[in-house]
Amino acid sequence: MSEKLVVSSSPHIHSDFSTQKIMGMVIYSLVPAGIMGVYLLGFRSLLVIIACVAACALCEWCWQKFIMHRKDTTGDLSAVVTGLLLAYNLPPTIPIWMAICGSVFAILIVKQFYGGIGCNIVNPALAARAMMLISWPTAMTTWTVNGISGATPLAAMKAGTMPANLSWWNLIVGDMGGCIGETSAILLILGGAYLVWEGVISARIPLTYILTTAILSALFNHGGGMFPVHEILTGGLLLGAIFMATDYTTSPMTEKGQYIYAFGCGLLTALIRTWGGYPEGVSFSILIMNIAVPLIDKYTEPRTLGAPKSNFFKRMGGKS
Amino acid sequence: MNLPTFLGGVHPPEGKALTENKAIEILRPNDSREFIYPLSQHIGAPCSPLVKKGDRVLAGQKIADTEAFVSAPIFSSVSGTVKEVGPRMTIPGSVDPCIVIESDGKYEKAPSLLDELGHKPQPSEYVKLIRSAGIVGMGGACFPTHVKLSPPKDRVIKWLIVNAAECEPYLSCDNRLMIESPDEVIRGLGYALEIFPEASGVIAIENNKPEAISTMTAHNKNPRIKIMPHTVKYPQGAEKMLIWSVTGQEIPLVPALPADVGCIILNTRTAWHICKAIEEGEPVTERVISVTGDAVCEPKNVQVPLGISVRELVNFCGGFKDEPVKILAGGPMMGLAMRSVDVPVVKGTSGILALTKNLAYIAEESACIRCGKCIEACPMHLNPTYLDQLVRKRDYESFEAYNGMNCIECGCCSYSCPASRHLTQTCKEGKAAVNLARRKAAQAKAKQEAK
């Protein structure tokens, strides 16, 4: 008897994590907040979500198949996650063609032009949102809740007129003006808790980011001495801190680096919210910190077990 | 309870339930068959044969040796006739020089090492006796034990640690050895401690072996030896991890050795052999092997004479119940995938693991998503994905600068990589390339000087 055996390098077993499984879990964790968004902001939100997800996936598939003639990578579900995140960052009234333009920008220019999954330098969904905010400022900042258009709480805070009818209940459930997926605090936190529990993300980045923003905003006296809790529950902070800042590819890989990066995000968000030109600064803060990631990674390289403590500085000083 | 451990590592499924409660069974074929002894069963210089075709040999007779210091002699495990000294396939899949002995099934014994010595060995003679018994690190690395026990004169040895962590999933031969012959392991460490009067002894066991821990604790009467349970985490039994968690000391970067921080690490089976060599003058001719995996009919712990064919072991365990996809020598994290089971068992074979397609992981690589799981898992605190990139770019200079040569090849990075990247494999390649370049440079330099 002669067996046919596979000969390969060790190890011969593997953890049950795969890129596809991780992305799948991120999608699960995002679904509840999306359902709430559709429920609160109307059926049109669902159209925006479907348009973004479909455009992202299709765009990646076409690029890989017809232009690069490479293996299809849509199966890893990362394009679906990008589509979901982009849709969650758009107002429900956004014209569908704009949403599709944003999706194509995210996948084609931000992700595939740089080499595809794992190679993009900024978060595709956030970069697309920033592009759309600059290209179509009116469409991107018009909010309609229950047929009445009005300012988001953060915009009101900036103007110094906090809407009085905003109860704790509104803030926690998400019944207020905002983008499709960003308003429901409780469901976003639940989704984040699920990801931490499953080991997909660590709580380091979200907690550091959120606490930094809350504390610094209070120190900067943003919104005329509001509760720091309002800072956390309004705007895109939760969505950004839990789902966007933790994007593997565009956040540091080391523990120390993640703290520095999350603190930077929090600092920039508080600065933009208090003194910037926009009411909300989560997107730009994360984008700016994304660009700093290679630098952070380089200077937070872990010390090899047994290496002298000074080795790090010597090496960083000696090599470019 | 917080047990000592290290930073990093992974928790693969243990798979020990298959064999951990199976008492060691003895396989000793009584009919005539071929036993094969590769001339290199250890790290260091290969041996030269001391016998030739047609010679009659006895069980326990030395059949190969060399003058080199870093080396260990090889003994016949059976009595019989030398059939051939020639090439045979060995576990790594290469064809190497071997001594082939046709056994007579009688196991007629050669005079023991003590008979040759003529008196009870003194502690000053232990190291020499360990060398002549052919003892090597029985965990798989096969580093000659007498070399470990001869540290440079300026190093004071403070710790002698028996590595009984057995952190590799599936394997349980050390576990059974501790349960079934605890006294020999403890006495073996005791003899080693006599060589180093300033050292204290530690037997480090992972906490998933409660029976071994309680048996060893109950049998330990030596005040210089401590039984120390450890956290269950792979690779707890790796040399550097074990020293870190037992003594709190980090071994400096390669080429530093455990002796540089006053430590010597011995495998459980090695300690057992030290005891046998010093008390009975018995050389290394047998070992216990866990034959396990989901493809094996009846997983067992088997004590076999060295040189026996792996196929005999598998047949002894009822053969395969499912088609194996991979058959490994050793555990699933660091074991060697074999091309064929028609190869001989050697000193370092701690397990034979046959995995079906359900367990053997074979997947295509995809792009790194920079999740950082490899960095979290690496017990050496390296950056595996960056080292992987450097090796693929053939940038070996940077590979060395980022401490790639310190990789212990434990497999944690590949195990945890969601993109299934072959991180451990590329690191091994990088190390091999650097070592080759160094050898070439040394040769060129020697040539230059000769001119």
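I started with chain A, and its secondary structure comes to 15 helices and two strands. I took helices (H or I, at least four residues) and strands (E, at least two) as DSSP runs, numbered from the N terminus. Before going on I noted that this is a predicted model, where local features need pLDDT of at least 70, side-chain atom pairs count only at pLDDT 80 or more, and totals for chains, interfaces and linings use all residues. Residues are numbered from 1 along each chain as its sequence is written, while chains are lettered from A and ligands numbered from 1 in the order in which they are written.

**Chain A**

I looked up burial next: of the 320 residues in chain A, 51% are buried (20 or more other C-beta atoms within 10 Å of the residue's own, against 12 or fewer for exposed and partly exposed in between, with C-beta atoms placed from the backbone).

Then I checked a helix pair. The axes of α2 (44-67) and α3 (78-88) of chain A come within 8 Å and cross at roughly 145 degrees; axes are lines fitted to C-alpha atoms, for helices over the stretch in contact, and angles run from 0 to 180 degrees between N-to-C directions. Contact here is for C-beta atoms, placed from the backbone, that lie within 7 Å. Among the contact residues I found A:Val48, A:Cys52 and A:Glu60 on α2(A), and A:Val80, A:Leu84 and A:Ala87 on α3(A). By class they divide into 12 nonpolar, two polar and one charged (Ala, Val, Leu, Ile, Met, Phe, Trp, Tyr, Cys and Pro count as nonpolar, Asp, Glu, Lys and Arg as charged, and the others, Gly among them, as polar).

**Between the chains**

I see 52 residues from chain B and 33 residues from chain A in the contact. On the chain B side, β15 (326-329), α13 (412-416) and α14 (423-450) each supply at least two residues. That side has 31 nonpolar, 15 polar and six charged residues.

**β15 of chain B**

I followed β15(B) further. B:Lys326 and B:Leu328 point one way, B:Ile327 and B:Ala329 the other, and all are buried. β15(B) pairs (at least two DSSP bridges between strands) with β17 (351-355) of chain B, antiparallel over four bridges, and B:Leu328 stands opposite B:Leu353 there. Two bridges also join β15(B) to β16 (336-337), again antiparallel, with B:Ala337 as the partner of B:Leu328. In that hairpin, six residues lie between the strands and B:Gly330 takes a positive phi near 105 degrees.

**Another sheet in chain B**

I last traced an open antiparallel sheet of four strands, in the order β2-β8-β7-β4. β2 (34-38) and β4 (56-57) each have a single partner strand, so one side of each is left without a neighbour in the sheet.

Technical notes: Contact = placed C-beta atoms within 7 Å.
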